[in-house]
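New to this one? Take a moment to turn the structure around on your screen, then use the notes below as a guide.

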Amino acid sequence: MIAVIDYGAGNLFSVCNALRYLSLPHVVTKDAAEIAAADGILLPGVGAFADAMEKLTATGLVDLIKAEAERKPFLGVCLGLQMLFEEGREFGVTPGLGLLPGVVRPLDSHGQKLPHIGWNTAKIVNACPLTAGIADESYFYYVHSFCADTDARYISLATTYGETFPGMVWRDQIFGCQFHPEKSGDVGLQILKNFGRLVG
């Protein structure tokens, strides 16, 4: 069972549609007991870093999420990836979950339009369990204006839009996708299917 965390700042509809399509058992929840009992956790996210962290903190789930992420498969999507890091630099500095080292800051698009919206290729830098069956330079769907700065060893997929930034990050059983796998066609569904296999 995958616990999809409902904290008021995630695109639950499209994520759950994709999980349902793949027949991956899931529950949308903000209940601590359900999250602790789940076999895996998915943290969606849309909007601003500070607002999302404020809403997540208000649920009282932050410490539980951090503990559970260290013991079961965990996937952050879009803003959910950004929240994995130590801090976000949007409308000031906001502490993140600190599950991965690094900061989230504005994407330097080198004059290209922001937000970065649309399809873009991702290069496999460090293959991980979620890249199984994914061809190098596959296309994924992005919607964001911020990106993560982190050590290269945590970057699984790298994407270039003005600058090169992490498209997917990975440490142990913790994963994050800057793109939206649920909106990325067959290749995105493969990412979710791979996550489902880890969950078991």
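What follows is a short tour, topic by topic.

Keep in mind that you are looking at a predicted model. Two open sheets come up here, one of nine strands and one of four. After those come some helices, a pocket, two residues worth zooming in on, and a few backbone oddities.

**The nine-stranded sheet**

- Reading across this open sheet, the order is β2-β1-β3-β4-β13-β12-β11-β8-β9, and the pairing is mixed.
- At the edges you'll find β2 (26–29) and β9 (138–144), each of which pairs on one side only.
- On average, neighbouring strands in this sheet are turned by 30 degrees against each other, direction ignored.
- Start with β1 and β2: they pair in the parallel sense over four bridges. I5 has T29 in β2 as its bridge partner.
- Side chains in a regular strand alternate between the two faces of the sheet. You can see two directions in β1, where I2 and V4 point one way and A3 and I5 the other, and all of them are buried.
- Further along, β4 (residues 74–77) and β13 (residues 174–177) also make a parallel pair, again with four bridges. Here L75 sits opposite F175 in β13.

**The four-stranded sheet**

- This open sheet runs in the order β6-β5-β7-β10, with mixed pairing.
- Its edges are β6 (93–95) and β10 (146–149); each has a single partner strand, so one side of each is left without a neighbour in the sheet.
- Its neighbouring strands are turned by 25 degrees against each other on average, direction ignored.
- β5 (residues 85–89) pairs with β6 in the antiparallel sense over three bridges, and R89 stands opposite V93 in β6.

**Helices against the sheets**

- Helix α6 (residues 185–199) lies across several strands, including β1, β4, β12 and β13, and runs at about 90 degrees to β9.
- Helix α3 lies across β5, β6 and β7 (100–106), at about 30 degrees to β6.
- Helix α1 (residues 12–21) has S14, V15, C16, A18 and L19 buried. An α-helix has 3.6 residues a turn, so residues three or four places apart point the same way.
- What covers those buried residues of α1? The cover includes β1, β2, β3 and α6.

**The largest pocket**

- A probe the size of a water molecule, rolled over the atoms, shows where empty space is left. In this model, the largest pocket holds about 160 Å³ of space.
- Its lining is made up of V46, G47, C78, L79, Q82, E90, V143, H144, S145, F146, Q178 and H180.
- Both α5 (79–82) and β9 supply at least two residues of that lining.
- Sorted by class, the lining has five nonpolar, six polar and one charged residues.

**Two residues to zoom in on**

- Y141 is in strand β9. Is Y141 buried, exposed or partly exposed? Its relative accessibility is 23%, so Y141 counts as partly exposed.
- Y141 and S184 are 43 residues apart in sequence, yet their C-alpha atoms are 5.2 Å apart in space. Leaving out neighbours within four places in sequence, Y141 is in contact with I117, G118, W119, F179, H180, K183 and S184.
- G45 belongs to the loop between β3 and α3 (49–58), and it is buried, with a relative accessible area of 3%.
- G45 lies 31 residues from G76 in sequence and 7.9 Å from G76 in space, C-alpha to C-alpha. Not counting residues up to four places away in sequence, G45 touches Y7, A9, G10, V77, C78, L79 and G80.

**Backbone oddities**

- Most residues other than glycine have a negative phi, and most peptide bonds are trans. The next few spots go against that.
- L114 and P115 are joined by a cis peptide bond, with omega about 0 degrees. P115 is in the loop between β7 and β8.
- H110 lies in the loop between β7 and β8 too. Its phi is positive, near 50 degrees, and H110 is exposed at 56% relative accessible area.
- E137, in the loop between β8 and β9, has a positive phi near 65 degrees. At 38% relative accessibility, E137 counts as partly exposed.
- S23, which follows α1, has a positive phi near 60 degrees.

Technical notes: Residues numbered from 1 in each chain as written. Predicted model: local features only at pLDDT ≥ 70, side-chain atom pairs only at ≥ 80, totals over all residues. Heavy atoms only, no water. Pairing = 2+ DSSP bridges. Axes fitted to C-alpha atoms, helices over the stretch in contact; angles between N-to-C directions. Contact = heavy atoms within 4.5 Å. 1 Å grid on protein atoms, 1.4 Å probe; cavity = no way out; pocket = protein on both sides within 12 Å on 5 of 7 lines; lining within 4 Å. Points joined across faces, edges and corners; volume = space filled by probe spheres on them. Nonpolar A, V, L, I, M, F, W, Y, C, P; charged D, E, K, R; others polar. Buried < 20%, exposed > 50% of the residue type's maximum accessible area, 1.4 Å probe, protein only.
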